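Reader: I should like to go through this structure by question and answer. Please reason briefly each time and finish on the name or value requested.

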Amino acid sequence: MKKLSILLFFILLISCKNKDLKKEIQENLPAAIKETEPILVASFEGQQVTGVTVTKEGQLFANFPRWREGVRHSVVEVGAGETRPYPNESWNNWKLGDTLQDSVFVAVQSVVASNHKLYVLDTRNPLFQGVQGAPRVFTFDLYTNTLERTYVFSEESFHSDSYINDLRIDVAHKHAYFTDSGHAGLVILDLESGKTKRVLDNHTSTLAETNQLIIDGKPWKNTVHSDGIALDTENGLLYYHALTGYNLYAVPVKTLLEGTDQEIEKSVQLIQKTPAPDGMIFDAKGNLYLADLEQHKILSLDTSGNLNVIASGENVRWVDTFSIYNGELYYTNSRIHEAKANVSDLTFTIYKVNIN
């Protein structure tokens, strides 16, 4: 009985600390200084969108994860008044139970455009039931809309319960970096050799810090590890954040690429406390954009370490992914806290907001 009482005391203590941390973060947020009204870009009935990316030419792509049956397309290009499967219908016609091939999308979580290429991250983990084969990245030439290369993760770089979540392309060093939200850790891909390497596996900085978020006064119970990722090219730092957590971390790119596992772990920096976000992105001025999932807000973390409110309200419903084009911040509303097994009655959206 004494041991049980001690255990309950520590559980209560941790719970109180989490509540105090959330309160401290929210109280330190300044009033909105740049907040503007978001503009609707696209909407999808009964199709839960997570990823969005806009090319330098203004082409917009989005993706829909296979978290349930009924996903019509995994990747689409969104044009003026129309949406078409990308690169074609054939790549998007895989169904649960079909044979796995390298010419179909199985469970796409993210899309990122860079240097006239579209990188499509296929978790190969449909319905979160475990990785089938290995995660993959399909690279398409945006001039010809044809497959350029397929990167297959090595067995050492993922786990059976991995959910490779998001990616950033490092053009200068010819590498890509990924978060794993299913089994805490980061993965590095050499874009030239195709080799993958896992780092910070189950490290404190990649692990979830809590098993729930409080949204609209209700607990959203889940444990989601390293999720958001953003590349600070000016300072050579890779930022990352657990979804169910309140600590923002960074690690030097040079150490990631050249250091040992021990050196990488020692180089991890705690940047600061933030609200719990999903995706993240840097702009050219060094501002980091991230969401406050619990308060339905989009924030910017400026170069002085100040958090500013960019947008809030009904048009901010679990902001999942960002992309920047022509001075505007594009984002997806994946409404994860509202989505159940059947999402046919929900509308998922892409918005944009001016950040100039």
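Reader: Which strand gives the largest share of the lining of the second largest pocket?

Author: The model is a predicted one. Its second largest pocket has a lining of 29 residues, and Trp-220 is one of those nearest the centre. Three residues of the lining come from a single strand, and this is the largest share: strand 15 (residues 218-221).

Reader: How many residues of each class, nonpolar, polar and charged, does the lining of the second largest pocket have?

Author: The space in this pocket comes to about 570 Å³. Among the residues that lie nearest its centre are Phe-128, Asn-222, Val-224 and Ile-336. Sorted by class, the lining has seven charged, 12 polar and 10 nonpolar residues.

Reader: Why does the radius of gyration of the chain agree with that of a compact globule?

Author: The C-alpha trace spans about 65 × 45 × 45 Å along its principal axes, and 55% of the 356 residues count as buried. A compact globule with 356 residues would have a radius of gyration near 21 Å, so the chain agrees with that expectation at its own value of 20 Å.

Reader: What share of the contacts between residues at least 6 apart in sequence joins residues at least 24 apart?

Author: The chain has three helices and 26 strands. Contacts between residues at least 6 apart in sequence are the set to consider, and those joining residues at least 24 apart make up 50%.

Reader: Which two strands are linked by the salt bridge between Lys-117 and Glu-148?

Author: The side chains of Lys-117 and Glu-148 meet with N and O 3.0 Å apart. The two residues are 31 apart in sequence, so the pair links distant parts of the chain, and the places to name are strand 7 (residues 117-122) for Lys-117 and strand 9 (residues 146-152) for Glu-148.

Reader: Is Lys-117 buried, partly exposed or exposed?

Author: Its partner Glu-148 has a relative accessible area of 42% and is partly exposed. Buried means under 20% and exposed means over 50%. The relative accessibility of Lys-117 is 24%, so Lys-117 counts as partly exposed.

Reader: Which residue of the salt bridge between Arg-198 and Asp-201 is buried?

Author: These side chains meet at 2.6 Å, N to O. Asp-201 has a relative accessible area of 34%, so Asp-201 is partly exposed. The other partner has a relative accessibility of 11% and therefore counts as buried: Arg-198.

Reader: Which residues are linked with Glu-314 and Arg-317 in a network of salt bridges?

Author: The whole structure has 14 salt bridges. In the one between Glu-314 and Arg-317, the closest N and O atoms are 3.8 Å apart. Glu-314 is exposed at 64% relative accessibility, whereas Arg-317 is buried at 12%. The network that contains this pair also links Asp-216, Arg-335 and Glu-338.

Reader: What is the relative accessible area of Val-75?

Author: Val-75 lies in strand 4 (residues 75-79). Leaving aside neighbours within four places in sequence, Val-75 is in contact with residues including Ala-62, Tyr-86, Phe-105, Leu-118 and Val-120. Val-75 counts as buried because its relative accessible area is 0%.

Reader: How far apart in space are the C-alpha atoms of Arg-72 and Glu-89?

Author: Arg-72 is found in the loop between strand 3 (60-63) and strand 4. Beyond its neighbours within four places in sequence, Arg-72 is in contact with Glu-45, Gln-47 and Asn-92. Arg-72 and Glu-89 are 17 residues apart along the chain, and their C-alpha atoms are separated by 9.9 Å.

Reader: What is the omega of the cis peptide bond that joins Tyr-86 and Pro-87?

Author: Pro-87 lies in the loop between strand 5 (82-85) and strand 6 (108-114). The bond joining Tyr-86 to Pro-87 is cis, with an omega of about -5 degrees.

Reader: Is Arg-124, a residue with positive phi, buried or exposed?

Author: Arg-124 lies in the loop between strand 7 and strand 8 (136-141). Phi of Arg-124 is near 55 degrees, a positive value in a residue other than glycine. The relative accessible area of Arg-124 is 2%, so Arg-124 is buried.

Notes:
Residues numbered from 1 in each chain as written. Predicted model: local features only at pLDDT ≥ 70, side-chain atom pairs only at ≥ 80, totals over all residues. Heavy atoms only, no water. Salt bridge = Lys/Arg side-chain N within 4 Å of Asp/Glu carboxyl O. Helix = DSSP H or I, 4+ residues; strand = E, 2+ residues; numbered from the N terminus. Buried < 20%, exposed > 50% of the residue type's maximum accessible area, 1.4 Å probe, protein only. Contact = heavy atoms within 4.5 Å. 1 Å grid on protein atoms, 1.4 Å probe; cavity = no way out; pocket = protein on both sides within 12 Å on 5 of 7 lines; lining within 4 Å. Points joined across faces, edges and corners; volume = space filled by probe spheres on them. Nonpolar A, V, L, I, M, F, W, Y, C, P; charged D, E, K, R; others polar. Rg over C-alpha atoms; globule rule 2.2 N^0.38 Å.
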